[in-house]
Amino acid sequence: METMMVTGGRRLRGNLRVDSAKNAVLPLLAASILTEEPVTLREVPRLTDVSHMADILRTLGCEVTREGSGLRVDSGNLRGWEMPDKLSKQIRSSIFMLGPILARFRKATVTYPGGCEIGVRPIDLHLSGLRSLGVVIEDEGGHIHCDGGGMHAGEVHLDYPSVGATENVMMAAVLLEGTTYIHNAAREPEIVDLQRFLNAMGGDVRGAGEQTICVRGVERLRGVTYTPIADRIVAGTLLAAAAITGGEITLERAPVEDMTATLSKLREMGCAISEEPGRVHLSAPGRLRAFRQLQTQPHPGFPTDMQVQMLALLSVSEGTGVIVENVFENRFAHAGDLNRMGARIIVSGRTAVAHGVERLCGAQVTARDLRGGAALVLAGLRAEGITMVEHAELIDRGYDHLELQLRALGAEVSRISG
Ligand code: EPZ
């Protein structure tokens, strides 16, 4: 087990460059098996979710190699259409290997990826989307067998704008003769990036970022070298780290055009923020002001992946604020840990109310998921004394050495293994 040891009280100051987005890299890795030619993704952060995804591709017969800061995928020898159980359970996003495997082999077997700390994480929308494309799906005790022999282009309507389901259907349809429409599609920036990537490979996808995506099937896709978009959630987390400490930060390669909801909330809390394409500067007051209400929504609403970081900021702000988590059913698991540090948060179902306190005290707390773990580190940056965040290895799923990034801003953070 890894523990992050945080000594609070330092104002963070400095400049950082934002890595490529985990939630773009993962679907792009899945999509890279849609061609037999090599694909190279540039500036890929060293995240455990990325290395797990690389392992899944290797198990299917791909060659995945690190090239400097990039990753090269060669799926010329791709032979497997059965996803490995253990790896599928290790990483939820393995489910969007379904679409590409079906596109290549017209058959696939995967395991239910299972839930996690933030929710049950069903895959019904993925399966109904694929069924709309003619995939015959049987569910045998946790294994999902897909027969894509009769796959065809068609109309897909998602009951909810699921990010993963949208990505799965886009990838399943890109090589299907005819035109597929995806209605009520997710509009996240990572969906737009997937469209850009598929089109760079020779695909014909339009409408990503809007409610309806149109996929015109092409014969084949070719290899490409591609730089994924920057990570808006890592960028938001680093801004929040400066904000909670009354500090100042400049982020290079910040996807500001995809961060409007987060930047708006930070301004509402009293942060002075200046932005230009690819760069953002934040300067925080000694004490933040509570926002009245924050509702998480699908993009372009406030991102659920920034919610618990904002709860940490709210807990030390002046005033009282309310957070409603509309996307996942259990994303306040860290409120208890924050209260152990002296916060005054009341949780009822999908609503949390925080009465801001002047001070937090360092404590021993536990990360339960990657974003919650990051939020506890942020709270530790503000708290008096030392905060020990256990199971910090969960943070590594979505942050590339967060402790090094924070130390570069002047934080006193170290890691203890064992
Ligand atoms: C993606 O997960 C992200 N992961 C999540 O980031 C992010 O929180 C989420 O989108 C929402 O933005 C990746 O991109 C790898 P959804 P995904 O399908 O695709 C329900 C992080 O911290 N749902 O949009 O799984 C689901 O239960 C992670 O980086 C169904 O009911 O999210 C949830 O309540 C956490 N049936 C809601 O939709 C389905 O078939 C949103 O899920 C699929 C989803």
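Student: Let's begin with the ligand: which of the 23 residues around the ligand come nearest?

Tutor: Asp124, Leu125, Ser162, Asp305 and Val327 are the nearest of the 23 residues that surround the ligand. Keep in mind that this is a predicted model.

Student: Where do backbone N or O atoms lie relative to an oxygen atom of the ligand?

Tutor: For polar contacts, we look for pairs of N or O atoms within 3.5 Å. Here, a backbone N or O atom of Val327 sits 2.5 Å from a ligand oxygen, and one of Leu125 is 2.7 Å from an oxygen atom of the ligand. Gly164 also contributes, with a polar backbone atom 2.8 Å from a ligand oxygen. As for cover, the ligand has 830 Å² of accessible area on its own, and the protein covers 89% of that.

Student: Now the sheets. What is the order of the four strands in the sheet that contains S14?

Tutor: The general idea comes first: backbone hydrogen bonds pair the strands of a sheet, and the pairing is either parallel or antiparallel. In this case the order is S2-S14-S16-S15, in an open sheet with mixed pairing. Strand S2 (13-17) and strand S15 (272-276) are the edges; each has a single partner strand, so one side of each lacks a neighbour in the sheet. On average, neighbouring strands of this sheet are turned by 10° against each other, ignoring direction.

Student: How many bridges join S14 to S16?

Tutor: Six bridges link strand S14 (residues 248-254) with strand S16 (residues 278-283), and the two run antiparallel. To find your place in the pairing, look at Ile249, which has Leu282 of S16 opposite.

Student: Which helices pack on this sheet or lie across its strands?

Tutor: Helix H8 (residues 232-244) lies across S2, S14 and S16, and runs at about 170° to S14. Helix H9 (residues 260-268) also packs on the sheet; H9 touches S15 and S16, and its direction is at about 150° to that of S15.

Student: What is the order of the open sheet that includes S3?

Tutor: That sheet also has four strands and mixed pairing, and its order is S4-S5-S3-S13. Strand S4 (63-67) and strand S13 (225-226) form the edges, pairing on one side only. Inside the order, strand S3 (residues 39-41) meets strand S5 (residues 70-74) in antiparallel fashion over three bridges. One register to check is Leu41, whose bridge partner in S5 is Leu71. Helix H1 lies across S3, S5 and S13, at about 175° to S3.

Student: Why is helix H4 described as largely enclosed?

Tutor: A residue counts as buried when its relative accessible area is under 20%. In H4 (residues 98-105), six of the eight residues are buried, so the rest of the structure largely encloses this helix. The buried ones are Leu98, Gly99, Pro100, Ile101, Leu102 and Ala103. Their cover includes helix H1 (22-31), strand S6 (107-111), helix H5 (124-131), strand S8 (143-147) and helix H6 (163-173). Just past the end of H4, look at Arg106, which has a positive phi of about 60°.

Student: One more arginine, then: is Arg92 buried or exposed?

Tutor: Arg92 counts as buried because its relative accessibility is 17%. You will find Arg92 in the loop between helix H3 (85-90) and H4. For a sense of scale, the C-alpha atoms of Arg92 and Thr40 are 23 Å apart in space, and the two residues are 52 residues apart along the chain.

Notes. Residues are numbered from 1 along each chain as its sequence is written. This is a predicted model: local features need pLDDT of at least 70, side-chain atom pairs count only at pLDDT 80 or more; totals for chains, interfaces and linings use all residues. Side-chain values use heavy atoms; hydrogens and water are left out. Buried means under 20% relative accessible area, exposed over 50%, partly exposed in between (1.4 Å probe, protein chains only). Contact means heavy atoms within 4.5 Å. Two strands pair if DSSP finds at least two bridges between them. Axes are lines fitted to C-alpha atoms, for helices over the stretch in contact, and angles run from 0 to 180 degrees between N-to-C directions. A residue is near a molecule or strand if one of its heavy atoms lies within 4 Å of it. A polar contact is a pair of N or O atoms within 3.5 Å; within protein, one must be able to donate a hydrogen and the other to accept it, and residues adjacent in sequence count only if both atoms are side-chain atoms. Accessible areas come from the Shrake-Rupley method with a 1.4 Å probe; for residues, only the protein chains shown count as cover.
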